[in-house]
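Visitor: I would like a close look at a single part of this model: the ligand and the residues around it. Please take me through that part and then through what lies around it.

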Amino acid sequence: MIYIDVTEAANKWNISERSVRNYCNAGRIPGAVIQNGSWAIPSNAEKPARKQRAGKLPTDLLSRLKIEKDAGITGGIYHKIQIELTYNSNHIEGSRLTHDETRYIYETNTIGVEKDTINVDDIVETVNHFRCIDLAIEQANYALSESFIKQLHLVLKSGTSDSRKPWFAVGDYKRLANEVGGLETVSPENVPNSMKELIKTYNKDKIKSINDIIEFHYQFEKIHPFQDGNGRIGRLIMFKECLRNGITPFIIEDDIKEYYYRGLKEWNNEKGYLTDTILSCQDRFKKYMDYYGLKYND
Ligand SMILES: Nc1ncnc2c1ncn2[C@@H]1O[C@H](COP(=O)(O)OP(=O)(O)OP(=O)(O)O)[C@@H](O)[C@H]1O
């Protein structure tokens, strides 16, 4: 990939450097990454379209999400997904922030102190997760790539205490071996090849089914490419890929976490456990879509 810097992008698109940086920060330039402290932008990236004003809202989910996000509309499906997906995905991984606390952080960028101790990382990762969802929406229409997956990790883990550990790679694959559910995962030296292979296989067919997305998720979790954050990154990828393929997304809610874990554990023996769990999450999501007058095809 050939990259250009912020000044070059600003000249090319005839906008200020500040606007280019704002677009990068908002995740509106697919593939833009931070290198040596400044933004590196793919040379073939297109200038982001100007924000649309809210008018008659479209009934397909991705268009609606983009409009609500860009227009800063509150109380819609975008707002709902930010809170539900962030709360549940973080909670599955042990965050102790409550649903209300997650909502306050999203809506007011403040947090009331309801308990004695709040883990700062829980707050940082919650705010970061909101931005990851934005990235998934902005880049929904691009083919899945390693650079996008690493960018999600960079955004999710930036500013956390993990990011200050010398052995922890933020926005890059793991340096130390890890396991999941007591099972071995791919060793750090083999992760780059395994990820390349996984993405190549996944991208072979242009049109994806929900089963392809679930299979990818299992394979991704088996590789466990990052030191930490694999569960949340994996679920964000599924969210993006559902949007890209016109498939109803789903939020794995905390109350069915055990079924989700069992589904992953048993995937090689019985795919029905995980598939059925995800289909029931999709049914829940369709209720949100009905409420907001959105159409779905599955
Ligand atoms: N038996 C299993 N097989 C494959 N993947 C699994 C299995 N059990 C759990 N997972 C996946 O691993 C994720 C958790 O991994 P882990 O406990 O290592 O946390 P992590 O890598 O720190 O991710 P994050 O902090 O988001 O979770 C789960 O959310 C799930 O997606």
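Guide: In this predicted model, an oxygen atom of the ligand lies 2.9 Å from an N or O atom in the side chain of Arg235. Taken alone, the ligand exposes 630 Å², and 88% of that is buried by the protein. Two further side chains make polar approaches to ligand oxygen. A polar side-chain atom of Glu93 is 2.5 Å from an oxygen atom of the ligand, and for Arg232 the corresponding distance is 2.6 Å. The ligand is surrounded by 15 residues, and the closest are Glu93, His224, Asp228, Arg232 and Tyr260.

The record can be set beside this. In an unreviewed entry, UniProt places the feature "binding site" at Asp228, Gly229, Asn230, Gly231, Arg232, Ile233, Gly234, Arg235, Tyr260, Tyr261 and Asn268. These positions span 41 residues of sequence and are also spread in space, with C-alpha atoms up to 23.6 Å apart. From this set, Arg235 is part of the lining of the largest cavity. Arg235 is also the residue whose side chain has an N or O atom 2.9 Å from a ligand oxygen. The unreviewed UniProt entry also carries the annotation "domain: Fido", which covers residues 144-294. Over that stretch the chain is 55% helix and 3% strand, and the C-alpha atoms at its ends are 25 Å apart.

Two of the annotated positions can be examined one by one. Gly234 lies in helix H10. Its relative accessible area is 2%, so Gly234 counts as buried. Setting aside residues up to four places away in sequence, Gly234 touches His217, Phe220 and Glu221. Tyr261 lies in helix H11, residues 257-265. Tyr261 has a relative accessibility of 37%, so this residue counts as partly exposed. Beyond its neighbours within four places in sequence, Tyr261 is in contact with Ile92 and Glu93. That contact leads back to the ligand, since Glu93 is one of the closest residues to it.

Helix H9 covers residues 210-223 and contains Ile214. With a relative accessible area of 0%, Ile214 is buried. Leaving out residues up to four places away in sequence, Ile214 touches Trp267, Leu274, Thr275 and Ile278. Ile214 and Ile41 are 173 residues apart along the chain, and their C-alpha atoms are separated by 31 Å.

Helix H3 completes the view. Eight of the 11 residues of H3, which runs over residues 61-71, are buried, so the helix is largely enclosed by the rest of the structure. The buried residues are Leu61, Leu62, Arg64, Leu65, Ile67, Glu68, Lys69 and Asp70. They pack against four helices: H4 (77-92), H6 (120-138), H10 (230-244) and H12 (272-291). Among these partners, H10 is the helix in which Gly234 lies. After H3 comes Gly72, which has a positive phi, near 65°.

To return to the ligand: Glu93, Arg232 and Arg235 each place a polar side-chain atom by a ligand oxygen, at 2.5 Å, 2.6 Å and 2.9 Å respectively. Of these, Arg232 and Arg235 are in the "binding site" feature of the UniProt record.

Methods. Residues numbered from 1 in each chain as written. Predicted model: local features only at pLDDT ≥ 70, side-chain atom pairs only at ≥ 80, totals over all residues. Heavy atoms only, no water. Buried < 20%, exposed > 50% of the residue type's maximum accessible area, 1.4 Å probe, protein only. Helix = DSSP H or I, 4+ residues; strand = E, 2+ residues; numbered from the N terminus. Contact = heavy atoms within 4.5 Å. UniProt positions renumbered as here; feature names shortened; annotations may be inferred. 1 Å grid on protein atoms, 1.4 Å probe; cavity = no way out; pocket = protein on both sides within 12 Å on 5 of 7 lines; lining within 4 Å. Near = heavy atom within 4 Å. Polar contact = N/O pair within 3.5 Å; in protein donor to acceptor, adjacent residues only side chain to side chain. Areas by Shrake-Rupley, 256 points an atom, 1.4 Å probe, with all protein chains shown as cover.
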